[in-house]
Amino acid sequence: YMTPSGEAASGGSAPGYRHSNYTLPNVYSKLKRSEKKLVDQLQQMGFAQDRLSRAVQRLGSDQAKVLEFMFQINKFGESPHNFPPDSAETALVNNELSEEKALQSLQLVFELREMGFEEKMIHDALKETDNKRDDAVDYLISKA
């Protein structure tokens, strides 16, 4: 596929993809006191509070699971992928934390964004269609 600048993307990377306006909410205020304590502790390691809060809300207070999830998201944000963290988080969650399926999903999100579809709808379509590109396009067109 092509990057936004018209160059052929290599190795599944998505240069320029960071310019997404797709954002997820901060659920910190909804956490229990013990969960907030874990978030505060892990935040000192340099992780963002909003992402940690969603991870703890989703995975519970198992520090190892939360850290693994955070490292997975960071991995997608680094080269050669360069996917935005909120999009990577959504793809991981939608694909039951499978890195392989999440990467496939993120590559499709990038491709379908280039076709003019809205990112939240793309994530919904890919989740609904198990990352099947053509079915996702049909889903998106039917919702337009």
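Biologist: Which helix does Asn94 lie in?
Modeller: In this predicted model, Asn94 sits in helix α4, residues 85-94.

Biologist: What makes Asn94 partly exposed?
Modeller: Its relative accessible area is 22%. Buried means under 20% and exposed means over 50%, so Asn94, at 22%, counts as partly exposed.

Biologist: And which residues is Asn94 in contact with, leaving aside neighbours within four places in sequence?
Modeller: Those would be His123 and Lys127.

Biologist: His123 belongs to α6, right? Why is α5 called oblique to α6?
Modeller: Yes, His123 is one of the α6 residues in the contact with α5. Helix α5 (residues 99-114) and helix α6 (residues 119-128) pack at about 135°, with axes 10 Å apart. Roughly perpendicular stops at 115 degrees and roughly antiparallel needs over 145, so about 135° makes α5 oblique to α6.

Biologist: Which residues of α5 make the contact?
Modeller: Ser105, Leu108, Val109, Leu112 and Arg113 on the α5 side, meeting Glu119, Ile122, His123 and Leu126 of α6. They divide into five nonpolar, two polar and two charged.

Biologist: Why is the pair of Phe47 and Phe71 called edge-to-face?
Modeller: The ring planes stand at 65° and the centres are 5.7 Å apart. A pair needs centres within 6.5 Å, and planes over 60 degrees apart count as edge-to-face, so Phe47 and Phe71 qualify on both points.

Biologist: Is Phe47 buried or exposed?
Modeller: Phe47 is buried, because its relative accessible area of 8% falls under the 20% cut-off. Phe71, at 48%, is partly exposed.

Key. Residues are numbered from 1 along each chain as its sequence is written. This is a predicted model: local features need pLDDT of at least 70, side-chain atom pairs count only at pLDDT 80 or more; totals for chains, interfaces and linings use all residues. Side-chain values use heavy atoms; hydrogens and water are left out. Axes are lines fitted to C-alpha atoms, for helices over the stretch in contact, and angles run from 0 to 180 degrees between N-to-C directions. Helices (H or I, at least four residues) and strands (E, at least two) are DSSP runs, numbered from the N terminus. Contact means heavy atoms within 4.5 Å. Ala, Val, Leu, Ile, Met, Phe, Trp, Tyr, Cys and Pro count as nonpolar, Asp, Glu, Lys and Arg as charged, and the others, Gly among them, as polar. Buried means under 20% relative accessible area, exposed over 50%, partly exposed in between (1.4 Å probe, protein chains only). Rings of Phe, Tyr and Trp (its six-membered ring) pair if their centres lie within 6.5 Å; planes under 30 degrees apart count as stacked, over 60 as edge-to-face and the rest as tilted.
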